[in-house]
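Here is a short briefing on the pockets of a predicted model, followed by a look at how two of its helices pack. Have the structure open as you read.

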Amino acid sequence: MNPSVAAKEINSGQVRPFYVLFGKDRYRMQEFVSYLTERLLGPDERELGVVKFDTAETPVEEAVLEAETMPFFASRKLVLVRDQSVFASAAKEGKIQHDTDRLLAYVKQPSDTSVVVFAVHHDKLDERRKIVKTLKEKDAVIAFPELEGAELTRWVVRRAKGQNRTMSEAAAERLIIRVGSNLQALSQETDKLCLHAGDGGTIEAEQVDALTTPTLEEDVFALIDAMASSRIDRALALYRHLLVRKEEPIKIAALIARQFRIMLQIKELEQRSYSQQQMASQLGLHPYAVKLAAEKARGWTTERLGGRLEQAAELDYRMKTGQIDKELGLELFLLSLGA
C-alpha cells in the first residue's frame, strides 16, 4: 500500500487493525505513526492509549496479549511494535523466541478496539514468512523507501506549501544539494527558511544560499571549480576554511576524486546520448547534482579528468602511507589543478 493512500483512508475514518511499515525512511515512517496517533486518540487519551514494544527485548506474543486487552480510559488502543526479528529480511536470531503462530492467529481475528503497528527499520521484508504473506494479502504493508530525485524535490516544495509559503523548484533543488537527502535535516532547514520568508512569502535559491551552510561536498565542488578556472586564491581560501573546520585532508581528497569520477562518468554517458534524468538514475544522484556536474564537466576533456583522477589516487596512497604530509600534499595537488 502507498503511504498517501493509507493516510487518506485514515483521514476518512477507515483505520485498519494492522499496519506493517518498512523501509529506510524512518522520518516519514514516524510521521505516519504520529498522524495515525492524532487521528485515533484524543490528546488526553494518548498517555494510556499508546503502548510500545520492541521485539529485540520482548516476545511478540506479549504485544498480541496487549492488543487483545480492552483499553482503559481511552476509546481505542494503539500498539506500536519496533521490529527487526519477526518481519525483517535476513533478521538475526536473537535471545528472544517469538511465537509467530500466536500473532498469525490474532491477525485472522483482531480486536475491534486495538490497532497494531509494526515499524520494521529494514529495506526488505522476509517474503518467505507466512505472517508477511498474510498481511500483504490484507494490504496492510506500507513501504517507505528513501525519496530521491523529483520526488524529494516535491516533498520539500509541499512542506513549504503546508506552511503557506511558496518555494520554487530551483530553491528546493538547491536546498537538497546543500543539506543532503536526509528528511530530518531537510525539514528543519525548510522550516527555518519558511520562518524567514514569513506567512505567504516566497523562497528562492538566493535565500537558500544565504541562510544555509554548504555541505563538505559542495565546498569541494566549489574548490575544484575555482582551480579549473585558475582562481587559485579562492581555491586555497576554501581549502584553508575546510581545515579550520577540522575536515580531514584524506576525506577532502576522497571527495575530490569522487567528483572527478562523477564528471568523467557523465561525459561518457553523454557520449551515449543519455538524458540527465537517465544519468541521475544510473549514478544514483539527484538530477540537480547531475545538472551541475555536467555543466562543470564541459570545461574538462575526458583525458584531463582521467589524468586528474589518477593523480588523486596517487595522492591518496602517498598520504595514507605517510610519504607526504597530508595538508601539504593536498595543497600541492590543488595548485597543480590550476596549472
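The largest pocket holds about 1,100 Å³ of space. Its lining is made up of 45 residues, and those closest to the centre are I176, I177, G180, H286 and A289. The second largest pocket offers about 680 Å³, and helix α7 gives the largest share of its lining.

**Largest pocket**
- Sorted by class, the lining of the largest pocket comprises 18 nonpolar, 16 charged and 11 polar residues.

**Second largest pocket**
- Around the second largest pocket there are 17 lining residues, with P3, R28, E31, W155 and R158 closest to its centre.
- Two or more lining residues come from each of α1 (3–11), α2 (26–40) and α7 (149–161).
- From α7 come five residues of this lining.
- Nine residues of the lining are nonpolar, six are charged and two are polar.

**Packing of α7 and α8**
- Helix α7 packs with helix α8 (residues 169–179) at an angle of about 110 degrees, and their axes are 9 Å apart.
- Because angles of 65 to 115 degrees count as roughly perpendicular, α7 is described as roughly perpendicular to α8.
- The two helices, α7 and α8, make a right-handed crossing.
- On the α7 side, the contact is formed by L152, T153, V156 and V157, while α8 brings in E169, A172, E173, L175 and I176.
- Six nonpolar residues take part in this contact of α7 with α8, along with two charged residues and one polar residue.
- I176 is worth finding on screen: this residue of α8 belongs to the contact with α7, and I176 is also among the residues closest to the centre of the largest pocket.

Methods
Residues are numbered from 1 along each chain as its sequence is written. This is a predicted model: local features need pLDDT of at least 70, side-chain atom pairs count only at pLDDT 80 or more; totals for chains, interfaces and linings use all residues. Side-chain values use heavy atoms; hydrogens and water are left out. On a 1 Å grid over the protein atoms alone, a cavity is a set of points where a 1.4 Å probe fits but cannot get out, and a pocket is an open set with protein on both sides within 12 Å along at least five of seven lines; lining residues have an atom within 4 Å of a point. Grid points are joined across faces, edges and corners, and a volume is the space filled by probe spheres set on the points. Ala, Val, Leu, Ile, Met, Phe, Trp, Tyr, Cys and Pro count as nonpolar, Asp, Glu, Lys and Arg as charged, and the others, Gly among them, as polar. Helices (H or I, at least four residues) and strands (E, at least two) are DSSP runs, numbered from the N terminus. Axes are lines fitted to C-alpha atoms, for helices over the stretch in contact, and angles run from 0 to 180 degrees between N-to-C directions. Angles under 35 degrees count as roughly parallel, over 145 as roughly antiparallel, 65 to 115 as roughly perpendicular and the rest as oblique. A crossing is left-handed if the near helix is turned anticlockwise from the far one by less than a right angle, and right-handed if clockwise. Contact means heavy atoms within 4.5 Å.
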